[in-house]
Amino acid sequence: MAQPYVLVLYYSRHGATRLMAEEIARGVERCGLEARLRTVPPVSPQTEQSLAAIPSEGAIYCSQEDLRDCSGLAFGSPTRFGNMAAPMKYFWDGSANLWANGSLIGKPAGVFTSSTSMHGGQESTLLSMMLPLLHHGMLICGLPYSEPALHHSRSGGTPYGPSHVALFDEGQPRLSDEERQLCQALGKRLGHLSLTLRQGA
Ligand SMILES: Cc1cc2nc3c(=O)[nH]c(=O)nc-3n(C[C@H](O)[C@H](O)[C@H](O)COP(=O)(O)O)c2cc1C
């Protein structure tokens, strides 16, 4: 049987969601499981030049096989007008085959996001990101309040999933300690659930 892995799938234009993805991957790896970091290309009008199949830096693009064969999924997007970014929506719109085959049914999944304002739609983004996962039959996993950082955070972090508030004057994105802890907590939770559910299957 192939080695199990948690797919950490994200889109990030300015690096904040990517930082979160890397922390979630650390949490997954603490469970002794591979964390497979993958991204998606930006979407553009048909008249624009197409991109190389492999990005010049960072994670490679996610294939349908990466998604099909994962044991668990962490799914991240910047908040865009209170919703996921178009490239992520486009990716999910291309997953009908996996849906028809029930490939993701019963696998654990969690969501994460970054936004520039504290009340700019993080929770609506996280909740709406869960919708395609529910259609695919995935088991949604959030963050319990037994995580101390959920009580103490003065920036990102929600029971629906980790979040980051990327302040305008920050320059390079930087996660607060609590945001980092909550990202790792989701990774650990998904890693643990992936292993447990796989054993029970
Ligand atoms: C088109 C667009 C829409 C956005 N909408 C929101 C929003 O609704 N609320 C918010 O707080 N930030 C919004 N932002 C800011 C991004 O969520 C923020 O910069 C995020 O941290 C980017 O993540 P990244 O560094 O991973 O690209 C928007 C940015 C863009 C480009």
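User: What makes the pair formed by a nitrogen atom of the ligand and the side chain of Thr 116 a polar contact?

Analyst: The ligand nitrogen is 3.2 Å from an N or O atom in the side chain of Thr 116. A polar contact is a pair of N or O atoms within 3.5 Å. The pair therefore qualifies. This is a predicted model, where local features need pLDDT of at least 70 and side-chain atom pairs count only at pLDDT 80 or more, while totals for chains, interfaces and linings use all residues. Side-chain values use heavy atoms, without hydrogens and water, and residues are numbered from 1 along each chain as its sequence is written.

User: Which polar backbone atom lies 3.1 Å from an oxygen atom of the ligand?

Analyst: One of Gly 15. A backbone N or O atom of Gly 82 is 3.2 Å from a ligand oxygen.

User: Why is H1 called oblique to H7?

Analyst: Helix H1 (residues 16–29) and helix H7 (residues 177–200) pack at about 50°, with axes 6 Å apart. Angles under 35 degrees count as roughly parallel, over 145 as roughly antiparallel, 65 to 115 as roughly perpendicular and the rest as oblique. H1 is therefore oblique to H7.

User: Which residues of H1 meet H7?

Analyst: Met 20, Glu 23, Ile 24, Arg 26, Gly 27 and Val 28. Contact means heavy atoms within 4.5 Å.

How values were computed:
Axes are lines fitted to C-alpha atoms, for helices over the stretch in contact, and angles run from 0 to 180 degrees between N-to-C directions. Helices (H or I, at least four residues) and strands (E, at least two) are DSSP runs, numbered from the N terminus. A polar contact is a pair of N or O atoms within 3.5 Å; within protein, one must be able to donate a hydrogen and the other to accept it, and residues adjacent in sequence count only if both atoms are side-chain atoms.
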